[in-house]
Amino acid sequence: MKSIITIALLVLSNVFMTLAWYGHLQWKESSWLKHAGIWTIILFSWGLAFFEYVMQVPANRLGFKENGGPFSFFELKTIQEAISLIVFTLFLIFVVKSEKLAWNHFLGFGLILLAVYVIFKKW
């Protein structure tokens with residue numbers, strides 16, 4: 001159960017991270033942020049990033065082996081990076097819509113999945 005909660009929190013954390021880091025590039029369409037200056041955008045993004053950390057920190061504490069969770073440091077980071085890439089790709093497909101997935105993206109994703117396998121494999 002701890003692994004499911006950890007992964008769910010990491011997914012939510014990455015949604016907020018993606019919105020904070022890349023969402024502002026799409027906010028130019030928003031009427032209330034269209035004319036916002038860089039400092040307004042930074043503060044708004046920082047506010048979103050707060051919620052990233054509100055979920056990321058508990059996910060790592062709950063999921064970490066030495067705290068009774070199922071994952072090592074390497075495994076937690078690998079899960080986080082894989083989730084980050086998935087969330088970012090979904091953001092590009094459903095929000096940005098101007099980027100197209102190409103063969104090299106799929107190859108890169110496959111290599112990342114291979115990396116996940118290698119990290120989690122007990123040799």
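This passage describes the fold, helix contacts, salt bridges and surface of a predicted model.

The secondary structure of the protein consists of four helices and zero strands. Read along the sequence, the pattern is α-α-α-α. Helix 2 covers residues 38-63. Helix 3 covers residues 73-96. Helix 4 covers 103-120, and a loop holding lysine 97 lies between helix 3 and helix 4. The C-alpha trace spans about 55 × 35 × 20 Å along its principal axes. The protein has 123 residues, and buried residues make up 28% of them. Among contacts with a separation of 6 or more, 67% join residues 24 or more positions apart. The accessible surface comes to about 8500 Å². Carbon and sulfur atoms account for 73% of that surface.

Several contacts link helix 3 to residues far back in the sequence. Isoleucine 83 is placed in helix 3. Its relative accessible area is 9%, under the 20% cut-off, so isoleucine 83 is buried. Beyond residues up to four places away in sequence, isoleucine 83 touches Ile7, Leu10, Val11 and Asn14. The C-alpha atoms of isoleucine 83 and asparagine 14 are 7.1 Å apart. In sequence, isoleucine 83 and asparagine 14 are 69 residues apart. Serine 84 is also found in helix 3. Serine 84 counts as buried because its relative accessibility is 12%, where buried means under 20%. With residues up to four places away in sequence left out, serine 84 touches Asn14 and Met17. Asn14 is thus listed among the contacts of isoleucine 83 and among those of serine 84.

A further long-range pair involves helix 2. Glycine 47 lies in this helix. Its C-alpha is 9.7 Å from that of phenylalanine 16. The sequence separation of glycine 47 and phenylalanine 16 is 31 residues. Glycine 47 counts as partly exposed, at 31% relative accessibility.

The charged residues were examined next. The protein carries 10 positive and 6 negative charges. The mean positions of the two sets are 4 Å apart. Side chains of opposite charge can pair when their charged atoms come close. A search of the whole structure finds two salt bridges.

One of the salt bridges joins lysine 122 and glutamate 75, with the closest N and O atoms 3.0 Å apart. Lysine 122 lies in the segment after helix 4, whereas glutamate 75 lies in helix 3, so the pair ties together parts that are 47 residues apart in sequence. The partners have opposite burial classes. Lysine 122 is exposed, with a relative accessible area of 59%. Glutamate 75 is buried, with a relative accessible area of 4%.

A salt bridge also forms between glutamate 81 and lysine 77. Here the closest N and O atoms are 2.8 Å apart. Glutamate 81 and lysine 77 are separated by about one helical turn, because they are four residues apart in helix 3. Glutamate 81 is partly exposed, with a relative accessible area of 40%. Lysine 77 counts as partly exposed, at 47% relative accessibility.

The surface also holds a nonpolar patch. Its members are Ile86, Leu90, Ile93, Phe94, Val95, Leu101 and Phe106. Together they present about 670 Å² of accessible area. Helix 3 supplies the largest share of the patch, five residues. One of the patch members, isoleucine 86, has its place in helix 3. Isoleucine 86 counts as exposed because its relative accessibility is 53%, where exposed means over 50%. Helix 3 therefore holds isoleucine 86, which is exposed, as well as isoleucine 83, which is buried.

Backbone geometry marks out one residue after helix 3. Lysine 97 has a positive phi of about 65°, although it is not a glycine. Lysine 97 lies in the loop between helix 3 and helix 4. At 55% relative accessibility, lysine 97 counts as exposed.

Terms used
Residues numbered from 1 in each chain as written. Predicted model: local features only at pLDDT ≥ 70, side-chain atom pairs only at ≥ 80, totals over all residues. Heavy atoms only, no water. Patch = residues over 30% accessible without salt bridge, like charges linked within 9 Å, V, L, I, M, F, W, Y side chains within 5 Å. Areas by Shrake-Rupley, 256 points an atom, 1.4 Å probe, with all protein chains shown as cover. Salt bridge = Lys/Arg side-chain N within 4 Å of Asp/Glu carboxyl O. Helix = DSSP H or I, 4+ residues; strand = E, 2+ residues; numbered from the N terminus. Buried < 20%, exposed > 50% of the residue type's maximum accessible area, 1.4 Å probe, protein only. Contact = heavy atoms within 4.5 Å. Lys, Arg positive; Asp, Glu negative; His and termini not counted. Charge placed at Lys NZ, Arg CZ, Asp CG, Glu CD.
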